[in-house]
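Trainee: Hi! Could you walk me through this one?
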Amino acid sequence: MTARPSSERGSVVVRQTTAADFAGIIALTQAIYPGAPSWTEAQLAAHLRVFPEGQMVAVDESTGEIVGMAASLIVLWDDYELTTSWRDFTASGTFANHDPVHGRTLYGAEIMVSPALQGHGVGTQLYAAREALARRRGLLRIRAGARLRDYHHHAQRLTAEEYVAAVVRGELVDRTLTFQLRRGFRVLGIVSNYLRHDPESRGYAAVIEWVNDEVASREGYEPMTWPGY
Ligand SMILES: CC(C)(COP(=O)(O)OP(=O)(O)OC[C@H]1O[C@@H](n2cnc3c(N)ncnc32)[C@H](O)[C@@H]1OP(=O)(O)O)[C@@H](O)C(=O)NCCC(=O)NCCS
């Protein structure tokens, strides 16, 4: 995708995904994770079947182009461990484990913005829509695995724990984790083998949480803390 100067770009809107968006989402995945398995039409259709409200795209209004997407499901966190992999949290990408009856946690399974548009606020728009969804559904929190996108630059001298601590302290910037920390997320812990096809993160992710204050204060929820974060 070729970057256009911001003066030529149309405004970007976030809306619920439809089947007509699948080709654009698949193209976006291939641009962001070249060489890794992409979302398939069957998986994207399954997401729409189980939880249409949780599937969002960001669209350039002037061209209709899909420039971002976010995919979420509701999980009962007690069914999982902090160390659970992305594959298990998403039932191998199908969201068959979506549990809106018992679940209180919106799980962020995917968020991506076109490489040409990163750093222009589209991810912030997608996260605002995700947050609004969590509030609308009265959910307690959003959790996700933040892939440590820039860890490979530091992996020779820092452990993943040391790297995350430096990002949390603001001494290093990780284009994924720093973005999420600025959106109000906190780190709960660090997991290895979270993503199988991600050389940039070396498979490491920070488990992160955003708390819906309204529900948390009503229920006296004490957010989990992790030493050092
Ligand atoms: C993470 C991601 C979704 C963020 O979306 P985005 O549209 O780039 O985010 P925004 O433009 O809203 O930027 C948010 C912040 O990050 C900074 N930022 C984002 N991308 C940046 C980049 N490439 N270079 C420098 N800063 C960047 C922005 O300056 C901004 O700072 P602020 O919080 O002080 O305003 C996007 O970078 C992306 O698709 N990354 C690749 C896929 C990925 O790693 N997804 C996360 C999976 S866990």
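Mentor: Sure, let's talk about the ligand's surroundings and then one helix. Keep in mind that this is a predicted model.

Trainee: Okay, which residues come nearest to the ligand?
Mentor: Those are Gly 121, Gly 123, Thr 124, Arg 147 and Arg 182, out of 21 residues around the ligand.

Trainee: And what's the mix of classes in that shell?
Mentor: The shell has eight nonpolar, eight polar and five charged residues.

Trainee: Which helices and strands supply at least two residues each?
Mentor: Strands β4 (105–113) and β5 (141–147) do, and so do helices α4 (122–136) and α6 (177–182).

Trainee: What about backbone atoms, how far is Ile 111 from a ligand nitrogen?
Mentor: A backbone N or O atom of Ile 111 sits 2.9 Å from a nitrogen atom of the ligand. For His 120, a backbone N or O atom is 2.9 Å from a ligand oxygen atom. Arg 149 uses its side chain: a polar atom there lies 3.4 Å from a ligand nitrogen atom.

Trainee: How much of the ligand does the protein bury?
Mentor: The protein buries 76% of the 910 Å² that the ligand exposes when taken alone.

Trainee: Switching to α4: which of its residues are buried?
Mentor: Val 122, Gly 123, Leu 126, Tyr 127, Arg 130, Leu 133 and Ala 134 are.

Trainee: Why do they line one face?
Mentor: Looking down the axis of α4, the buried residues fall within an arc of 135 degrees, so they share one face of the helix.

Trainee: And what comes just after α4?
Mentor: There, Gly 138 has a positive phi of about 65 degrees.

Conventions:
Residues are numbered from 1 along each chain as its sequence is written. This is a predicted model: local features need pLDDT of at least 70, side-chain atom pairs count only at pLDDT 80 or more; totals for chains, interfaces and linings use all residues. Side-chain values use heavy atoms; hydrogens and water are left out. A residue is near a molecule or strand if one of its heavy atoms lies within 4 Å of it. A polar contact is a pair of N or O atoms within 3.5 Å; within protein, one must be able to donate a hydrogen and the other to accept it, and residues adjacent in sequence count only if both atoms are side-chain atoms. Accessible areas come from the Shrake-Rupley method with a 1.4 Å probe; for residues, only the protein chains shown count as cover. Helices (H or I, at least four residues) and strands (E, at least two) are DSSP runs, numbered from the N terminus. Ala, Val, Leu, Ile, Met, Phe, Trp, Tyr, Cys and Pro count as nonpolar, Asp, Glu, Lys and Arg as charged, and the others, Gly among them, as polar. Buried means under 20% relative accessible area, exposed over 50%, partly exposed in between (1.4 Å probe, protein chains only). The arc is that of the directions from the helix axis to the C-beta atoms.
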